[in-house]
Amino acid sequence: MIKVYSDYVACDTHEEAIEAQAIIINAMRHIPKICNDRDMFLLEHELGEHKMLELLNQRGLTCK
């Protein structure tokens, strides 16, 4: 599952992190680093929680 916060995204799997990274790249034109923190993959973004949720929903990804 992908969890969206105001300035980062937390993903349960590496595949989800890659997908979220692609969305952020397309929206912001920079490559966010995927950080592995315990059992999650974290990506920073500057899109805001609402916009990031909207972009993930457009791709049909499961969010919380």
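This passage walks through helix α1, a buried histidine and the salt bridges of a predicted model.

Helix α1 is a good place to start. It runs over residues 14–28, 15 residues in total. From first C-alpha to last it reaches 21 Å, close to the 21 Å expected at 1.5 Å a residue. Its buried residues are Glu16, Ala17, Ala20, Gln21, Ile23, Ile24 and Met28. These cover an arc of only 165 degrees around the axis, so they sit on the same side of α1. As for what covers them, the list includes strands β1 (2–4), β2 (8–11) and β4, along with helix α2. Just after α1 comes Arg29, which has a positive phi, near 65 degrees.

His45 turns up in the loop between β4 (40–44) and α2 (49–58). Loop or not, His45 counts as buried, because its relative accessibility is 3% and the cut-off for buried is under 20%. Neighbours within four places in sequence aside, the contacts of His45 take in the run Val4, Tyr5, Ser6, Asp7, Tyr8 and Val9, and also Ile24, Met28 and Met52. Two of these partners, Ile24 and Met28, belong to the buried residues of α1. The His45 side chain also has polar partners on the backbone. One of its polar atoms lies 3.4 Å from the backbone nitrogen of Tyr8, and the side chain reaches the backbone nitrogen of Leu47 at 3.1 Å.

That leaves the charged pairs. The structure holds two salt bridges. In one, the side chains of Glu19 and Arg59 meet with an N to O distance of 2.8 Å. Glu19 lies in helix α1 and Arg59 in the segment after α2, so this pair ties together parts that are 40 residues apart in sequence. Both ends are partly exposed: Glu19 has a relative accessible area of 27%, and Arg59 has one of 40%.

The other salt bridge joins Glu54 and Lys51, whose closest N and O atoms are 3.6 Å apart. Here both residues lie in helix α2, three residues apart, or about one turn of the helix. Glu54 is partly exposed at a relative accessible area of 33%, and Lys51 likewise counts as partly exposed, at 35% relative accessibility.

Notes: Residues numbered from 1 in each chain as written. Predicted model: local features only at pLDDT ≥ 70, side-chain atom pairs only at ≥ 80, totals over all residues. Heavy atoms only, no water. Helix = DSSP H or I, 4+ residues; strand = E, 2+ residues; numbered from the N terminus. Buried < 20%, exposed > 50% of the residue type's maximum accessible area, 1.4 Å probe, protein only. Polar contact = N/O pair within 3.5 Å; in protein donor to acceptor, adjacent residues only side chain to side chain. Contact = heavy atoms within 4.5 Å. Expected span 1.5 Å × (residues − 1). Arc of directions from axis to C-beta. Salt bridge = Lys/Arg side-chain N within 4 Å of Asp/Glu carboxyl O.
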